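Biologist: I should like to understand how the terms used for a protein structure are justified. Would you take me through the reasoning, one term at a time?

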Amino acid sequence: MVHDLELISVGKTYPDGTVAVSDFDLKVEKGEFVAFLGPSGCGKSTTLRMIAGFEDITNGEVMMMGRNVTHVPPEKRPTSMIFQNYALFPHMSVRENVAFGLDVKGMPKAERDTKVDRILDMFDLEQFADRKADKLSGGQRQRIALARGLVVEPEILLLDEPLGALDANLRRIIQNELKLLQRELGITFIFVTHAQSEALGLSDRVVVMSNGVVEQISPPRELYRRPKTPFVADFIGSNTVFEGSPKGAAGNGFGRIETLFGLIEGVGQGNETLAVVPAEAFRITPLDTPGEVRIEGTLSERQLVGAVGHLKVRLSDSREVAIEVSADRPDVRALTLGAPVTLGIDPAAITLIHA
Ligand code: ADP
């Protein structure tokens with residue numbers, strides 16, 4: 001199968017010796033929405049710029065639609081890039097800004113104008129067509145940047161923190177528009193962000209990066225349910241991680257590790273040393289299911305807010321686990337601070353990973 005984009009062991013070392021990205025492997029299908037997620041400095045933008053062709057690749061190869069584009073200049077790649085600050089020309093009109101990419105390609109004027117009019121119409125920008133780009137709101141500038149990126153009809157749209165400059169409200173609105181637009185156009189989107197909610201809410205798959213290395217590539221739900229590395233377990237969602245020593249397989253894809261809190265069973269081989277428990281997997285009363293994991297603690301905090309009870313249970317290693325329960329439960333209402341509490345966890349919700 002030919003992929004829209006394929007990165008084969010792509011790496012980047014800057015001239016000053018900074019290793020920004022190493023051994024990045026990725027295959028992206030047509031129409032997929034893929035987010036690069038990770039803390040600042042982990043190599044997201046460098047990777048995006050290598051895909052765009054703005055940055056030389058130190059090692060590896062970039063394929064697009066089955067063609068090796070590793071040494072193809074940006075304007076000859078089927079990509080278009082949208083920058084965080086939009087990189088609009090402030091003294092050019094909206095129309096001139098949008099037409100820019102087509103001018104660079106040397107498109108005849110009549111054809112260019114037809115395409116520009118069509119995209120301005122699509123983004124509801126006709127009434128601003130002759131206004132200078134610096135005389136527009138953040139949301140409008142964002143739309144112009146999108147229009148400018150899409151007018152060249154790229155196969156792959158590259159977006160570098162495109163919502164970073166917007167306030168929270170506008171961000172949500174444009175997030176929705178972006179998702180709808182992507183579905184409608186069927187274009188492949190590669191989206192760089194350090195905002196977890198954005199990556200998980202928008203994309204089909206997320207590439208989690210740390211220190212120039214790919215930690216995990218998974219659909220959002222899978223990142224929550226089955227983190228594969230300690231970094232992902234710490235970075236995504238809200239997990240509690242228990243350390244232990246391997247105790248072997250327990251059958252049916254489950255394994256066991258011995259921890260300070262006793263034997264913990266979870267999804268794995270049993271040769272792992274960490275058990276990752278998502279916050280929502282803790283039950284305040286045991287489930288009495290086979291293999292159920294039980295951990296003792298004491299209630300350290302109890303807040304009942306409307307229908308939801310926010311509890312904290314302190315474990316014997318003095319860690320606190322936050323639990324949400326129904327505030328209507330009589331057993332929850334009866335709990336006093338310092339009371340002993342048994343937590344129950346379904347092993348199927350626990351993931352065993354290597355340290
Ligand atoms: P992110 O987009 O995840 O914030 P970047 O790709 O911008 O990360 O940066 C990755 C690493 O490469 C960082 O350590 C950064 O300081 C470094 N870096 C980025 N650009 C350059 C450059 N032009 N020269 C040297 N180091 C750079």
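Modeller: Let us begin with a definition: contact means heavy atoms within 4.5 Å. The model shown here is predicted. Helix 4, residues 138-150, lies across strand 6 and strand 7 (156-160).

Biologist: What makes the angle between helix 4 and strand 6 about 170°?

Modeller: Angles run from 0 to 180 degrees between N-to-C directions. Helix 4 runs at about 170° to strand 6, so the value lies close to the upper end of that range. Helix 5 (residues 168-185) packs on the sheet as well, touching strand 3 (33-37), strand 7 and strand 8 (188-193). The direction of helix 5 makes about 155° with that of strand 8.

Biologist: Which strands form the sheet, and in what order?

Modeller: The open sheet has six strands in the order 6-7-8-3-9-10, with mixed pairing.

Biologist: Why are strand 6 and strand 10 called edge strands?

Modeller: Strand 6 (79-82) and strand 10 (213-218) each pair on one side only. From one strand to the next, the twist averages 15°.

Biologist: How do you know that strand 9 and strand 10 pair?

Modeller: Two strands pair if at least two bridges are found between them. Strand 9 (residues 205-210) and strand 10 have five bridges, so they meet the condition; their sense is antiparallel. For Met209, the bridge partner in strand 10 is Val214.

Biologist: Why is Thr240 called buried?

Modeller: Buried means under 20% relative accessible area. Thr240 has 12%, and therefore it is buried. Thr240 belongs to strand 11 (residues 239-251). Leaving aside residues up to four places away in sequence, Thr240 touches Ala275, Val276, Val277, Phe282, Arg319 and Val321.

Biologist: Why is Phe100 called partly exposed?

Modeller: Partly exposed lies between the buried limit of 20% and the exposed limit of 50%. Phe100 has a relative accessible area of 33%, so it is partly exposed. Phe100 lies in helix 2 (residues 94-104).

Biologist: What makes Phe100 eligible for a surface patch?

Modeller: A patch takes residues with over 30% relative accessible area. Phe100, at 33%, passes that limit. Together with Phe89 and Val104, Phe100 makes a nonpolar surface patch of about 240 Å².

Biologist: Which residues of helix 2 are buried, and what covers them?

Modeller: The buried residues are Val94, Asn97, Val98, Ala99, Gly101 and Leu102. Their cover includes helix 3 (109-122) and helix 4. After helix 2 comes Gly106, with a positive phi near 75°.

Methods:
Residues numbered from 1 in each chain as written. Predicted model: local features only at pLDDT ≥ 70, side-chain atom pairs only at ≥ 80, totals over all residues. Heavy atoms only, no water. Patch = residues over 30% accessible without salt bridge, like charges linked within 9 Å, V, L, I, M, F, W, Y side chains within 5 Å. Areas by Shrake-Rupley, 256 points an atom, 1.4 Å probe, with all protein chains shown as cover. Salt bridge = Lys/Arg side-chain N within 4 Å of Asp/Glu carboxyl O. Helix = DSSP H or I, 4+ residues; strand = E, 2+ residues; numbered from the N terminus. Buried < 20%, exposed > 50% of the residue type's maximum accessible area, 1.4 Å probe, protein only.
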